[in-house]
Every structure is written in structure tokens, then in C-alpha cells.
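Biologist: I would like a close look at one part of this model, with the rest kept as background. Please take the packing of one pair of helices.

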Amino acid sequence: MTKREISEIKRLFKKGDNSFTRLCGCYVHGEERITETFCQAFQSLPEEDANKYLDIFKKTLSGGINKNLFNLTFPNEKNANDCRSSLKKIVNSELKEENILEMFYQKVIKLYDTMEDYVILVIHNRYDVPGKGLDGIDMEDASEDVYSYIICAVCPVKLSDPGLGYRTKENDFASLERDRVIEMPEFGFLYPSFNDRSADLWETLYYNANAKALNKSFIEDFLYAEIPIAAPQQMKFFCDIVDEVFEQQTDYQTVCAIKDSIDEYVAQKESDGARPEDCVLEPKDLKNLIERASGREIDGQVYSNVVNEIMPENGKLFGENLTNSKIFELKTSSAVVRVNTEITSKPEIRKIDGRNCIVVPIEGELTANGMIVRT
């Protein structure tokens with residue numbers, strides 16, 4: 001799914017005016033024991049409760065693509081096909097078949113390794129996909145398709161913080177009773193994906209709150225999909241490749257040029273309307289980009305050996321995970337300098353009084369510890 005397709009689904013989460021049909025879930029004790037299940041018409045919920053559920057499910061569609069959100073494709077193999085078939089049954093039943101849901105819950109529980117309490121929430125919706133005119137504007141009265149889908153959210157349950165509360169009748173303060181509170185989801189998914197504004201039964205949009213630590217067992221043993229490389233790990237692999245290729249001798253100008261080249265690559269892909277997964281930097285593309293930026297030719301065999309040693313097999317690097325076009329950051333053991341390159345130019349490295357120094361242009365007002373500095 002593209003950012004635009006995700007945004008279109010997120011717009012359906014209107015408080016007080018939405019088409020969600022049914023909400024189901026189960027409360028799981030940390031010892032892998034279901035203590036409560038529930039299922040009800042979503043429109044029958046009190047408005048305040050419904051809004052809180054919408055906030056939870058909307059969270060599973062938040063974050064950056066290939067950072068918190070991943071388009072995962074089901075491989076054409078038996079286990080994956082069985083999973084896909086099971087999810088299709090859940091969608092087609094519109095959450096009305098309790099036995100199918102029970103098997104779904106049990107499989108999630110088996111693969112979620114935690115000793116804490118949590119809830120598994122599932123919601124269903126039917127979206128009359130509006131057609132588009134020649135000008136690209138939605139035509140609400142010209143529905144082309146009905147997109148039926150579910151969203152699953154797995155959320156930790158925590159005890160509320162202790163505190164004192166005022167009791168009106170007693171006219172005093174006393175300890176508040178601690179309640180169990182559902183927090184925002186740790187992971188979840190939307191199925192089927194909404195690709196090209198219609199259902200794609202071969203793909204799911206997976207969400208992971210922690211971009212640094214993906215739930216590998218759920219991805220690999222429930223969805224049977226290929227585990228993507230977490231965004232921070234992609235950045236580390238990229239930096240290690242550059243460092244090894246230049247034998248730990250990469251100068252500042254080369255680093256800046258490589259960053260600029262990746263920024264241009266991502267910007268060009270976005271202007272061409274490419275999907276996020278089309279912004280993959282294949283090894284040969286990365287080599288060409290580094291060579292153009294540095295003005296140096298890299299030995300093909302040396303480069304291939306470096307990539308094979310650092311990158312996992314079938315690992316992918318997405319351009320947008322290797323750069324931030326708006327921010328340039330320099331970090332030392334004692335300081336971090338971060339500048340907005342939309343406002344000012346990149347910092348310079350200068351030798352001052354025999355010491356290497358970071359020089360940052362001052363744009364606009366300068367403050368130090370909140371105090372205005374007159375220059």
C-alpha cells in the first residue's frame with residue numbers, strides 16, 4: 001500500500017460517522033490463558049468507547065512505510081496459503097463465526113511471547129470505494145467496489161498509576177483504585193491490503209510499534225512472510241558498506257555527496273509516483289550511486305565481497321531509510337549537531353587553533369539555554 005492508499009483508509013476512522021460493522025476480541029492473561037472474549041456490533045458501542053477503539057485501530061496504520069508499516073506478501077506455499085485462507089474466512093464472515101476467531105486467537109497467543117496481560121482486538125469494515133473522475137476527485141455517488149477488511153491490534157494491558165483522588169461524599173482524599181488500562185498496540189495488521197484501491201488477498205499491511213525490534217515470530221510463523229530488516233539495521237548495514245568500501249577512510253565531502261545522492265534518488269522516485277517498495281536500492285544501484293557521489297571507481301569483486309559479508313541474503317535497503325532529506329546530523333562522543341537543511345546549509349569541518357571543529361551557520365535568532373544571544 002502507498003501513503004495515499006493508507007491515508008484513504010485512515011479517513012474512514014471518523015468519530016461519530018463511520019461504517020465499521022463489528023468489534024471482537026479477547027483478554028489474555030500473561031500465562032497464555034484467555035480469560036474473556038467479546039463480540040458486538042460496533043455501532044452499538046457508546047460513542048466515547050467507540051472513539052477510543054478507533055484511536056487504537058488507527059494507530060496500526062501510523063508511522064512510516066518500511067519503518068513501522070510493512071507491505072508483506074504471502075508466499076505461494078502451503079502454510080502461507082492456509083493462513084491466507086483463514087484470514088479470508090474471518091473477513092468473509094464479518095467476525096460472526098466464533099470458532100474461526102477462537103482458532104485465530106489461539107495462534108496469535110502461541111506466537112506472542114510475553115508474561116504481561118494483553119488484549120487481541122479485531123474490527124471489520126465494509127468500504128464502498130468511490131470512483132474517481134478524470135480530474136482525480138472522488139465521486140461519492142459512483143462506487144466502483146466494496147472493500148471488506150479487518151484490522152487486528154495486539155495491545156498490552158497495564159495497571160493505571162497509583163494516586164490520590166477526592167471523594168465527594170466523604171469530603172476527603174483517598175487512594176484511587178488501580179484499573180487495567182489498554183495501551184496502544186505493539187503490533188497488528190490490516191488484511192487484505194488496499195492496493196490500487198481494491199482488495200489484494202495476497203498481501204497484508206503489518207504494523208510494528210518499535211521500528212528497532214520487529215516481532216519476527218509473528219511475521220515468520222503466523223503470516224509466513226519474509227522478515228524485513230528493521231530501519232535502524234538497514235542504516236547500519238549501509239554505513240558499514242560505505243566504511244568498508246573506502247577502507248575506513250571516508251572523508252566529509254564524500255559523506256555529504258553520498259547523502260545528497262540518496263536524497264535525490266528518493267525525491268525522484270516520489271515524483272515518479274513510485275510505491276515505497278519500488279525505492280529499493282539494489283547492490284548494483286548502491287554501487288553506482290556511491291561511485292557517482294565520490295567520483296571514485298569501486299572494484300566490483302571487492303564491493304561484492306563487502307556486501308555479501310554485511311548484508312543478509314535477500315536483504316533490502318530502502319532509500320528513505322538511509323537518509324532524511326530535511327535533517328543533517330553530526331555526532332561526536334560529546335556532542336550532537338543537527339541542522340535543518342531546508343533553512344541553512346550543511347555544517348563545515350574546519351581546523352581552528354589546530355583542532356577540528358564543526359562550524360554551523362547561524363540563521364535567525366540565537367539562544368543559549370533559552371536566553372537570547374546578541375551577536
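At what angle do helix α8 and helix α9 pack, and how far apart are their axes?

Modeller: The model is predicted, and what follows is computed from it. Helix α8 covers residues 283-294 and helix α9 covers residues 300-310. The two pack at an angle of about 125°, and their axes lie 11 Å apart. Because angles over 145 degrees count as roughly antiparallel and those from 65 to 115 as roughly perpendicular, that value makes α8 oblique to α9. The crossing in which α8 passes α9 is right-handed.

On the α8 side, the contact is made by P283, L286 and K287. The α9 side contributes G300, Y303 and V307. Sorted by residue class, the residues of this contact comprise four nonpolar, one polar and one charged. The charged one is K287 and the polar one is G300, because Lys counts as charged and Gly as polar. That leaves P283 and L286 from α8 with Y303 and V307 from α9 as the nonpolar part.

As for the background, this pair belongs to a protein with nine helices and 18 strands. Its C-alpha atoms fill a box of roughly 70 × 65 × 50 Å along the principal axes. The protein has 375 residues, of which 42% count as buried. Among contacts between residues at least 6 apart in sequence, 62% join residues at least 24 apart. The exposed area of the protein is about 21600 Å², with carbon and sulfur atoms supplying 46% of it.

Technical notes:
Residues are numbered from 1 along each chain as its sequence is written. This is a predicted model: local features need pLDDT of at least 70, side-chain atom pairs count only at pLDDT 80 or more; totals for chains, interfaces and linings use all residues. Side-chain values use heavy atoms; hydrogens and water are left out. Axes are lines fitted to C-alpha atoms, for helices over the stretch in contact, and angles run from 0 to 180 degrees between N-to-C directions. Helices (H or I, at least four residues) and strands (E, at least two) are DSSP runs, numbered from the N terminus. Angles under 35 degrees count as roughly parallel, over 145 as roughly antiparallel, 65 to 115 as roughly perpendicular and the rest as oblique. A crossing is left-handed if the near helix is turned anticlockwise from the far one by less than a right angle, and right-handed if clockwise. Contact means heavy atoms within 4.5 Å. Buried means under 20% relative accessible area, exposed over 50%, partly exposed in between (1.4 Å probe, protein chains only). Accessible areas come from the Shrake-Rupley method with a 1.4 Å probe; for residues, only the protein chains shown count as cover.
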